[in-house]
Amino acid sequence: MKKIIYYILSSLSLLSMLGCANDLDITPDGRISMKDVWADQKRSEAYLSSCYGHQIGYGMNYYWFAMLDGLSDCAFDSDVTQNLMATAWYNGTMTPSTDPTANSGGWNGPMYSNCWTGIRQCNTFLQNVDLSAIPEQERPRLKAEAIVLRDFYYFELCRKYGPQPLTRVPFTMDTDFSKLTRPSFQDVADFIAQDVDQVLSVSEFPWRLTNDADRGRFTKAIAITLKSEAQLYAASPLWNSTNDQSRWVKARDYAKDALTQLTANGYQLFYSSELGSASYDNYFFNETDINASPRDRETIMENQTNGSMFSGWFVQMEGFPSRTDISKAGSCPTQELVDAFDMQSTGLPVIDPANRYSDNSHIYPNYVSGSGYDLQNPYTGRDPRFYATVLYNGAYCSGPGVTVQAYAGGKDGIHTDSRQYTFTGYYLKKFMDEKAQVNTQCTSNWKKMRLAELYLNYAEAENEVNGPDQAVYAAIKAIRDRVNMPNIKAGITSKEEMRAYIQKERWTEFAFEEQRFWDVRRWKILDKTDKLVTGMQITKGQDKTFSYQRFVVGQRQSWDSKFLLFPIPLNDASIMGSNGVTWQNPGW
């Protein structure tokens with residue numbers, strides 16, 4: 001019955017920001033009215049459940065089973081041969097009417113109106129919950145969930161489309177949208193911070209879920225992480241053109257407070273002494289175990305929208321030909337990403353993080369002297385996260401019992417006319433359980449938020465406030481210790497150099513987790529990262545040794561300043577009436 005009510009309420013909720021669900025009073029001709037909803041406890045609770053239903057799917061839920069980071073400098077997507085999402089993005093053909101990342105056929109679209117529907121529904125629930133049949137003692141937790149869920153929709157909406165009107169009550173049919181003012185991103189961050197501070201005092205609102213039946217519900221941990229994320233964006237160059245230090249102080253303090261409270265409540269980086277550095281790899285294969293004493297204490301938020309898209313489906317849509325059971329290669333890691341992984345023996349970068357290449361085509365790297373990198377054996381001795389993220393020539397996959405042959409003429413070599421083969425010389429390893437078979441079910445969900453992010457949020461903000469002090473080094477060390485990596489080089493004295501190291505660390509730690517796509521925007525470095533990507537052409541000699549040649553895989557057209565923000569969809573911008581032109585983002 002609950003599922004039926006959920007479906008009914010989800011259908012009723014498909015109103016845009018103009019809608020006003022609390023004014024609905026449907027006659028009893030087989031349908032229910034909103035009065036009926038609030039008069040019944042189960043229906044009222046189901047309404048809150050339906051509020052959760054407007055989250056997009058991450059991971060492989062982009063069209064067609066594609067990953068968002070295939071549009072960043074993490075990867076080049078083999079779907080470019082199919083005139084799908086990657087083709088449109090690389091050609092720069094996005095318009096206010098066409099968003100390649102939000103295909104209307106059920107693939108994450110339309111995100112703009114979905115987020116607004118979620119915001120409106122949360123506000124409607126909050127407006128009516130105290131008059132509902134839900135027992136009074138149960139309301140505090142449910143209200144806290146609705147508040148944080150609303151803020152989650154706001155953050156997702158605003159980082160993609162820029163700041164949007166802030167409201168804690170539903171818009172009505174009488175709302176004059178032409179008189180709404182556009183807030184700053186700092187206003188958005190402050191709005192979220194006020195809400196989070198409110199819910200952290202709610203004793204009934206848990207820090208962590210302990211009952212599997214509650215899987216997917218929001219927690220204090222999600223709230224405090226969201227507070228840190230929003231302020232980090234508000235402090236970043238895209239939204240802080242004057243480099244207002246007070247914003248960075250807030251970002252630093254929020255991240256530090258989040259780390260303090262999360263670790264005090266049992267959160268810690270995922271590490272198992274039995275698995276050693278392999279724990280980083282294994283972490284992404286499993287669903288978070290929800291109980292009073294979980295093994296996974298790092299995951300803060302899972303997203304279940306993509307269900308069992310990983311494991312068997314992942315093998316099929318992000319595989320390599322030697323497996324024989326794949327449909328496409330999918331997101332092929334770039335040479336730029338491979339270059340970002342440090343050497344394990346020294347902890348030093350392969351190339352200079354602050355000045356990566358001496359040419360605009362990325363063919364001539366600025367190598368770091370003494371790092372231990374061997375040009376003839378480029379995949380030896382790298383950061384363990386490299387081996388957990390990238391399948392390279394010579395990598396052995398124990399599940400199918402095959403070795404990747406990414407050299408010219410090899411089974412997995414480069415073919416730019418087929419989506420089944422790499423375009424870059426690399427295949428994706430992250431999220432791929434080698435034991436999985438195609439079409440098998442998987443219990444792993446998308447890990448939307450995890451504790452590692454807070455360490456790097458703190459390191460970034462602290463560096464902007466005080467420069468590369470010991471607190472910055474300690475935060476980065478915590479991340480690298482987990483994978484048995486030495487800390488970054490000692491003696492960095494400038495904010496600028498440390499900033500480059502932190503940005504590289506975020507890139508390698510969160511590769512293919514959709515952080516990079518948004519990070520390069522908030523840092524305003526899109527024109528430096530997204531003009532082109534490179535790969536590695538590998539040739540096998542008669543003596544069975546390999547030679548390596550960098551090459552440009554492809555140019556892109558989605559890198560200029562207008563692509564820092566997505567265009568507000570044409571129909572939604574028109575809701576603003578005469579004010580619609582000023583609401584559209586620059587360049588669109």
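**Reading cavities and backbone geometry**

Mentor: The count comes to 8 cavities of 30 Å³ or more. Please bear in mind that the model is predicted.

Trainee: What is the volume of the largest cavity, and which residues are closest to its centre?

Mentor: A cavity is a space where a 1.4 Å probe fits but cannot get out. Here the largest cavity has a volume of about 210 Å³. Its lining comprises 18 residues, and those closest to the centre are Leu209, Ile290, Ile300, Met301 and Glu302.

Trainee: Which strand gives the most to this lining, and how does the lining divide by class?

Mentor: Strand β2, residues 299-303, gives the most, with 4 residues. By class, the lining of the largest cavity has 8 nonpolar, 5 polar and 5 charged residues.

Trainee: What is the volume of the second largest cavity, and which residues are closest to its centre?

Mentor: The second largest cavity has a volume of about 180 Å³. It is lined by 18 residues, of which Arg159, Glu229, Lys448, Glu453 and Gln515 are the closest to its centre. The classes in this lining are 6 nonpolar, 2 polar and 10 charged residues.

Trainee: Which elements each supply at least two residues of the lining of the second largest cavity?

Mentor: They are α6 (139-161), α8 (220-235), β8 (446-450) and α14 (451-466). The largest share, 5 residues, comes from β8.

Trainee: Let us turn to the backbone. Where are the cis peptide bonds?

Mentor: As a general idea, most peptide bonds are trans. In this model, a cis bond joins Tyr63 and Trp64, with omega about 0°. Trp64 is placed in the loop between α3 (41-51) and β1 (75-77). A cis bond also joins Gly109 and Pro110, and there omega is about -5°. The loop that holds Pro110 runs between α4 (85-90) and α5 (111-128).

Trainee: What is the phi of Asn108, and what is that of Lys524?

Mentor: The general expectation is that most residues other than glycine have a negative phi. For Asn108, phi is near 65°, a positive value in a residue other than glycine. Lys524 likewise is not a glycine, and its phi is positive, about 60°.

Trainee: Where does each of them lie, and does each count as buried or exposed, or as something in between?

Mentor: Relative accessibility under 20% means buried, over 50% means exposed, and partly exposed is in between. Asn108 lies in the loop between α4 and α5; its relative accessibility is 8%, so Asn108 counts as buried. Lys524 is in the loop between α17 (515-522) and α18 (526-529). Because its relative accessibility is 43%, Lys524 counts as partly exposed.

Trainee: Finally, how many helices and strands does the chain have, and why does its radius of gyration agree with that of a compact globule?

Mentor: The chain has 20 helices and 10 strands. A compact globule of 588 residues would have a radius of gyration near 25 Å, and the chain has 24 Å, so the two agree. The C-alpha trace spans about 80 × 50 × 50 Å along its principal axes.

Trainee: What share of the residues counts as buried, and what area does the chain expose?

Mentor: Of the 588 residues, 61% count as buried. The chain exposes about 22100 Å², and carbon and sulfur atoms supply 49% of that area. As for contacts in the chain with a separation of 6 or more, 72% are between residues 24 or more positions apart.

Methods:
Residues are numbered from 1 along each chain as its sequence is written. This is a predicted model: local features need pLDDT of at least 70, side-chain atom pairs count only at pLDDT 80 or more; totals for chains, interfaces and linings use all residues. Side-chain values use heavy atoms; hydrogens and water are left out. Buried means under 20% relative accessible area, exposed over 50%, partly exposed in between (1.4 Å probe, protein chains only). On a 1 Å grid over the protein atoms alone, a cavity is a set of points where a 1.4 Å probe fits but cannot get out, and a pocket is an open set with protein on both sides within 12 Å along at least five of seven lines; lining residues have an atom within 4 Å of a point. Grid points are joined across faces, edges and corners, and a volume is the space filled by probe spheres set on the points. Ala, Val, Leu, Ile, Met, Phe, Trp, Tyr, Cys and Pro count as nonpolar, Asp, Glu, Lys and Arg as charged, and the others, Gly among them, as polar. The radius of gyration is taken over C-alpha atoms; the globule rule is 2.2 Å times the number of residues to the power 0.38. Contact means heavy atoms within 4.5 Å. Accessible areas come from the Shrake-Rupley method with a 1.4 Å probe; for residues, only the protein chains shown count as cover.
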